[in-house]
Amino acid sequence: MREQVGSYDLKWQDSYGMVARIWAPCNDDRLWISDPKALQYILQTSRYNMVKPYAARFLLNSATGPGVNGAEGEDHYRQRRILLPAFGPSESRAQIPVFRQCASELVDEFKSKMESQGSTSQETNIPHFLTYAILNALGLAAFNYNFRGHGKDREEFTASLRDFMVKGFGLPSNGKVFFQGIMDHLPTWMLDLMVNLPSSGLTFLRRHVELSNGIAQQLIQSRLTEEDDGNQKDALSRIVIANRSESERWRLSDKELFPQLATILGAGHETTVTSLGWILFELANHPDEQWQLREEILAARAGENGDDSKMVNLDALPFMNAVIKETLRFDTVVPHLFREAIRDEVVPLSKPIRCKSGKVIDELFIPKGTSIIISDVAYNRNKELWGEDADVWRPSRWLDGTVKNTGFNVGVMSFGAGHRACLGWRFAVTEIQSFMFELLWGLQFELTEKSTRVRKENCLVMLPMVGGEEEKGNQLPLKVSLIDLPK
Ligand code: HEM
């Protein structure tokens, strides 16, 4: 049976420490690394001297078109410079009413469904249960675009986003693993030609990019005529307005702006659904913590008393934020990042290592061209950072002083780091907080027999699937029940 994603990383970290050399196809050395100091150097200090390998950019660009995620060097810098401010802390906080509204509609829909069935609970596939509400929340907050609306293209695009990773990338078959292993050796012109191959994944992705660019074109055109009266709240309006006032050197062309819609949805939708899914799964697995969190939410809601002007500060709910951080750490949704050194580098290590020759070194010489696999999974389970019980889901470690400041976003490696760190991490955390605030107040989550067969599978991001039913794609079954609590 195939190992679950991340299991080798944890075995290697236990056996060899935080640095290892992997022999890949074509006699190609790869550096596998989870050392905190080295990661800081590779992701932050070295900047554009450690780039995403061409093969990784090829995969990203096939999925979204040439957006910020697949850009490098000055192109990347220019694009990120315009996009980043639209996803800042106050911009993300401004979206809380939208996020909470979408979450509360989801609870209401579930209630109506249960009433019509004369029932109070149902086994529910969590990613499918969440997907449209999260998509709609992201669509409204990022683009003021309502995915619930009608229209052939809109409906097709919404459906294609639901199973984006599974249909676009699928499970890692032996053939795919081999192909990814040799991709770095193929000439770039060959990869560029392969974009047009009639494989089912690439055909799906081509149609997805076509639909998304059509919608982006309409949305951006409508923003171009918009006056800046300071009331624009969605990220796209902020981006278009910021871009308009840029000098020619920094301004993005329409051709550069269009792919950002697919990039933001591709990078931001399934990652958020999956992270929230794992949070609900962990809470179902730990009923005491689920009730502890519900009590925190109830107390905060009592303070709001239904008055919008008293909306609670979600960052100030300690246990909720501990649960979020702990699940981002424990169930790492983006298990690996990939980089390549474009010049010789010397990378510092947090702990000396003994080489095969017996020599002890505290920095690593990396020749130009080295492929690097950054293991977020291993970093997030490092016992020296998280405590001896790093392999246990325990939110209280964030409150009892076990976790020291790691210097990375939210304290974990789950959003990457440095000049390419997740552009939407504040957005994602605010959306997850808002959904938890509504869902846990109205609903209860419990394990079922089927949830015990849930596995972590690698479809570019780590997705939950049920063992023996992988062909059904994303599955995280939980019993969802209505609970009647005071407003
Ligand atoms: C819990 C949800 C999310 C997780 C775990 C996540 C994780 C990540 C990670 C690990 C990276 C770094 C990739 C690398 O360095 O190779 C990344 C990049 C990115 N993320 Fe997220 N992400 C999430 C949500 C979002 C959201 C909601 C958005 C948009 C609103 C978003 C937009 C992006 C973009 C555009 C990039 C590329 C940034 C660049 O290359 O400069 N992500 N994300």
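Helices here are DSSP runs of H or I of at least four residues, numbered from the N terminus. With that settled, here are my notes on the model, which is a predicted one.

1. Let's start with the metal. The ligand's iron atom gets a single donor from the protein, and that is the SG atom of Cys422, at 2.3 Å. UniProt also lists Cys422 as a "binding site", though the entry is unreviewed.

2. Where does cysteine 422 sit along the chain? Look in the loop between α18 (383–386) and α19 (425–442). Is cysteine 422 buried, exposed or partly exposed? Cysteine 422 counts as partly exposed, because its relative accessibility is 29%, and that class runs between the 20% and 50% cut-offs.

3. Now the rest of the pocket. There are 24 residues around the ligand, and those that come nearest are His76, Arg80, Arg339, Arg420 and Cys422. Three of these also have side-chain polar atoms facing ligand oxygens. For histidine 76, a side-chain N or O atom is 2.6 Å from an oxygen atom of the ligand. For arginine 80, the distance from a polar side-chain atom to a ligand oxygen is 2.7 Å, and arginine 339 has a side-chain N or O atom 2.7 Å from an oxygen of the ligand.

4. Which elements build the shell around the ligand? At least two residues each come from α4 (73–83), α14 (254–285) and β5 (336–341). Helix α14 gives the largest share, with six residues. Sorted by class, the shell holds eleven nonpolar, nine polar and four charged residues.

5. Strand β5 deserves a second look, at alanine 341. This alanine is buried, because its relative accessible area is 0%, and buried means under 20%. Its C-alpha atom is 6.0 Å from that of asparagine 49, although the two residues are 292 apart along the chain.

6. On cysteines: a search of the whole structure turns up zero disulfides. Cysteine 459, for one, is in no disulfide, and the nearest cysteine sulfur to it is that of cysteine 422, 19 Å away. A disulfide would need the two sulfur atoms within 2.5 Å, so this pair does not qualify. Cysteine 459 is buried, at 1% relative accessible area, whereas cysteine 422 is partly exposed.

7. A word on helix α3 (residues 54–64). Its buried residues are Ala55, Arg57, Phe58, Leu60, Ser62, Ala63 and Thr64. It's worth keeping the general geometry in mind when you look at that list: residues three or four places apart in an α-helix point the same way, because there are 3.6 residues a turn. Just after α3 comes glycine 65, with a positive phi of about 85°.

8. Finally, the loop between α3 and α4 holds glutamate 72. Is glutamate 72 buried or exposed? It counts as buried, because its relative accessibility is 14%, under the 20% limit. As for a partner, a polar atom of the glutamate 72 side chain lies 2.9 Å from the backbone nitrogen of lysine 52.

How values were computed:
Residues numbered from 1 in each chain as written. Predicted model: local features only at pLDDT ≥ 70, side-chain atom pairs only at ≥ 80, totals over all residues. Heavy atoms only, no water. Donors = N, O, S within 2.8 Å, 3.2 Å for Na, K, Ca; no water. UniProt positions renumbered as here; feature names shortened; annotations may be inferred. Buried < 20%, exposed > 50% of the residue type's maximum accessible area, 1.4 Å probe, protein only. Near = heavy atom within 4 Å. Polar contact = N/O pair within 3.5 Å; in protein donor to acceptor, adjacent residues only side chain to side chain. Nonpolar A, V, L, I, M, F, W, Y, C, P; charged D, E, K, R; others polar.
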